Amino acid sequence: MNHADFLEELNCSKYGLGKLYQGFNIKEKEKAFNLPGDPIQYPPELLWKTKHLILALEVDLDEKKVKGSVTHVIQILKDEITNIVFDSMGNQINSVILKEKNNKNLDFFTTDENLTVLLERPYKKGMEITLIIEYECNDPSAGLYFISPDAAHPHKPKHLWSQNQDEDAKYWIPCHDHPHVKFTYEGIFTVKKGLLAISNGSLINTQEENEEKVTYHWKMEQPLPTYLITLVVGEFSKVELEPYKNTQVNFYVVPGREEEGRRSFGRTTEMIKAFSEKLGVDFPYPKYTQVAVTDFIFGGMENTTATTQTDRTLHDERAAIDFKSDGLVSHELAHQWFGDLLTCKHWSHAWLNESFATYMSAIWTEISEGKDDFLYEVYQDQQAYFSEDKRYRRPIVHNRFEMPIDIFDAHLYPGGACRLHMLRRLIGEENWWRSLNVYLTKNAHGIVETVDLQRAIEEVIGDPLDWFFDQWLFKAGYPEIKAKYSYDPDNKVIHIQLKQAQKITDLTPLFLHPITISIIDDNENERRFVIRMKEPVYNLYVPLERPPVDIRIDPDYSLLMSLDLEKPEDMFIYQLKNDQNIIGKIRAAQALAKKGTQNGLRALQESLLDDSQFWGVRAEIAKALAILGTDRSFEILSSAVSIKHPKVRRQVYEALASFHGKRIYDIVAPKAKKGDESYFVEGAMGMALCSSRTKEAFPLIKEFIEKTSWNEIIARMTLQGISKLFEVEDLQDEILDLVLRQTEYGNDAFKRATAVSTLAQIYPQAKPHHRTSILNTLSRLLEDKEFYVKISAIKAIQSIKEPRFIPTLRKMTSIEAEGRIVRGAKKTIHHIQQGLDKPEELQKLRKMVEDLQEENKKLASRIEKLEAISTTKTKFIEKNRTKSSKKLTSSRKNRKRTTK
């Protein structure tokens, strides 16, 4: 599952989707990942398991419901089993049948979370039974999503898609909703003619039922877990791509978007071939499909053989200047091996899915774009992980959470990917790919946990890796290295001191890891020394006739660490010009910008303007100059606004946005009026114009916010900066009105979500009546129908720290089904409560709670009265009902229908 990676450009950062609802400026550092009350989770005990599952449903898009049956072929795993308990939430169970020579109706009862089937006798270990559950499901709150047009979105397609990960299949399928059981599968779906029903495996039959309906029969010969079952129904156009060996490769888009689909998914067969050859394990299924759907709540979902993708990844030629879908496509494709062929035993080991998919996506970049782009992706992964670690720290393998989605964060995706990169460099290229081959072939179609990967690597390299897995997977953090260099001309000796400066705790260890030190002499000959720190401080002495031209710590930049290296400025300048690794160049550029000397800035300007320099290095130079924030750095950035490479040009404008004053307007406005070939550069121009803090800029800014672009990127980037223009008092009414209009339903959902985050940025500067408008809007948006808007509103409230929302947020934690909303609400409550350190704020909160309790009492009283009236009416009806009514079955007596 990818809920971040594909939005690298959409949200102006590598992990953009996460930033969308995590990127507010919350100053207080969260000391721990876990929230109060988060339990320790373990895989549930298996008393039985499904061996084969048949889902036979009739789908009604108009009524937003499915009706039919699910058949479980069950193997009993323990003796004396007298009942079978399925996960089931909100499903209306009509009957349960024991399939045998003479089918039997079995008694059952339901709770809010389960369906319990009472067997007619005890069953022993090894026995098999087949249960047919007849049920219907009406517009569930999770798992199955019905998309349809409305007055605000008349052109939205009507279709249905499922999203079961992590444990949401139970909202539309009575099942065992955990990843540690795999089974073969059939999906039989009846829909209106003209619609397609797409599911896992191969389509073995299509049958016309009558003039109005058609049935599709899909079958999976290889096993899959419940969370990887998929169903997509709608009007789609199918496009065939070149097959890979015997594997069919295709994709589906709504009619009219075929060309965008080719632009997005056209390299899929190349990726399948590349991964199959690298891993030495051919693509494991007979078909690979991608379906682009509307309003998808993730980037993509790796349902076995049939990935669901967001249609936001479909893009036009102009967007293709900056954006590719390759990251999303390769990530989900990699899951067909890591997650589908091999499935984690428990969500605490989900890094075996997500970290591998993230790193394999980077490997596709290495194959398709080259070494520099690959290393820049590794660098961005490191930065994304470091950024989240500043807010909270946790091990990669972690089993304390309320819902599994809680741990699907930057630790799980880029954090784990960086650890895989270290492993690859540690054991060597040949051993790396041999190890993955052993890991995949030994565990094919099975269930795995972290130790299975460790054992596979150890089998190949012949050495134990407990030290690595213990430090990097089961503990947390990374080395924070402070390094010093000096040269003693009298004794002709180099002294290099390394110190691990991180605070050593039970969670964060002293890291024992090989560290390479590179020394380059004045003849440009390199000598490397590999050390293994066993103490917090390590001193290296190396005899050398003359001072070196450079020294580098971890010259391959594979070790996940922060590095504060003290060395002369001329060494950093040399490194910027000569390091063959772009991460080294980036680190040198950052060090030079921090020093801010004329020589250093001159070297940075030369590199920034050098078209032969890798674009990522130049982009990072622009960021570093923005952090420096001096007049000289502004001059350098101003000289670079016409750079040819669009990604560098965009970063230059974003860097200019960190300054302020009319000088920005004078530089940017003429360019902005002409426009740019890149959506993203125009968006960055909008951000920069906002930073000018001048009234003259507002008409152009307004135009940018109202301008239509791919995924509204120009408007969204401009909105990200408009809080700076809010400082102009004469414009405050107009700006707030403009931003509030963007939050209204009918606008693009991502544009709305960005506008919500802008409200949080405006709030501290706003006048009382403006604050009232903002708070009223946020209150309304907590009940919004669009996921990204709702989650953005929660984060805005977390930033504002307004206690009045605590009762509403607490209610959301109990009624919302989407795990990210639940955790977001809980985190916001926790954050607000941590800030309630003033007596008047506590008193305010107590009054709110008391008011809520009083309202609950009144509501309870009203319910009692209504129940009394209802009981009287029922008795009257029962008394006069004819006695010919059939007796209810025991199953109906016990059934309790759950609500959404």
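**Why the labels apply**

Me: Why is Tyr557 called buried?
Reply: In this predicted model, Tyr557 has a relative accessible area of 2%. Buried means under 20%, and 2% falls under that limit, so Tyr557 is buried.

Me: Where is Tyr557 found, and what is notable about its phi?
Reply: Tyr557 sits in the loop between strand 28 and strand 29, the latter being residues 562–566. Its phi is about 55°, a positive value, although Tyr557 is not a glycine.

Me: Which other residue has a positive phi without being glycine, and is that residue buried or partly exposed?
Reply: Asp295 is one, with phi near 60°. It belongs to the loop between strand 18 (287–293) and strand 19 (300–301). Its relative accessibility is 34%. The buried class ends at 20% and the exposed class starts over 50%; 34% lies in between, so Asp295 counts as partly exposed.

Me: How do you know that Arg820 counts as buried?
Reply: Its relative accessibility is 7%. That value is under 20%, so Arg820 counts as buried. The residue is placed in helix 26, which covers residues 819–835.

Me: What makes the pair of Arg820 and Ile297 a polar contact?
Reply: A polar atom of the Arg820 side chain lies 2.9 Å from the backbone oxygen of Ile297. The cut-off for a polar contact is 3.5 Å. The distance of 2.9 Å is within that cut-off, so the pair meets the distance condition.

Me: How many disulfides does the structure hold?
Reply: The structure holds 0 disulfides. A disulfide needs two cysteine sulfur atoms within 2.5 Å.

Me: Why do Cys175 and Cys418 count as buried?
Reply: Cys175 has a relative accessible area of 0%, and Cys418 has a relative accessibility of 4%. Each value is under 20%, so Cys175 is buried and Cys418 is buried.

Me: Which residues of helix 21 are buried, and against what do they pack?
Reply: In helix 21 (residues 732–742), the buried residues are Gln732, Ile735, Leu736, Leu738, Val739, Leu740 and Gln742. They pack against helix 19 (698–706), helix 20 (713–725), helix 22 (749–762) and helix 23 (768–781). Packing here rests on contact, which requires heavy atoms within 4.5 Å.

Me: Why are strand 26 and strand 28 said to stand at the edges of their sheet?
Reply: The open sheet has 3 strands in the order 26-25-28, with antiparallel pairing. Strand 26 (526–532) and strand 28 (550–553) each have a single partner strand, so one side of each is left without a neighbour in the sheet. Neighbouring strands of this sheet are turned by 15° against each other on average, direction ignored.

Me: How do you know that strand 25 and strand 26 pair?
Reply: Pairing takes at least two bridges. Strand 25 (residues 514–520) and strand 26 have 7 bridges, so they pair, in the antiparallel sense. Within this pairing, the bridge partner of Thr516 is Val530 in strand 26.

Me: What makes strand 9 and strand 12 edge strands?
Reply: An open sheet of 4 strands has the order 9-10-15-12, with antiparallel pairing. Strand 9 (144–147) and strand 12 (196–199) each pair on one side only, and this makes them the edge strands. Strand 9 is joined to strand 10 (residues 159–162) by 4 bridges. Four such bridges satisfy the minimum of two, so strand 9 and strand 10 pair. Phe146 has Leu160 in strand 10 as its bridge partner.

Me: Where is Asp166, and what is the peptide bond from Gln165 to Asp166?
Reply: Asp166 lies in the loop between strand 10 and strand 11. The peptide bond leading to it from Gln165 is cis, with omega near 10°.

Me: Which strands does strand 14 run antiparallel to?
Reply: Strand 14 (residues 213–224) runs antiparallel to strand 11 (residues 183–192), with 9 bridges between them. Strand 14 also pairs in the antiparallel sense with strand 13 (residues 202–208), over 6 bridges. Both counts reach at least two, so both pairings hold. Thr190 stands opposite Thr215, and Thr206 stands opposite Tyr216. A hairpin through 4 residues joins strand 13 to strand 14.

Conventions: Residues numbered from 1 in each chain as written. Predicted model: local features only at pLDDT ≥ 70, side-chain atom pairs only at ≥ 80, totals over all residues. Heavy atoms only, no water. Buried < 20%, exposed > 50% of the residue type's maximum accessible area, 1.4 Å probe, protein only. Polar contact = N/O pair within 3.5 Å; in protein donor to acceptor, adjacent residues only side chain to side chain. Axes fitted to C-alpha atoms, helices over the stretch in contact; angles between N-to-C directions.
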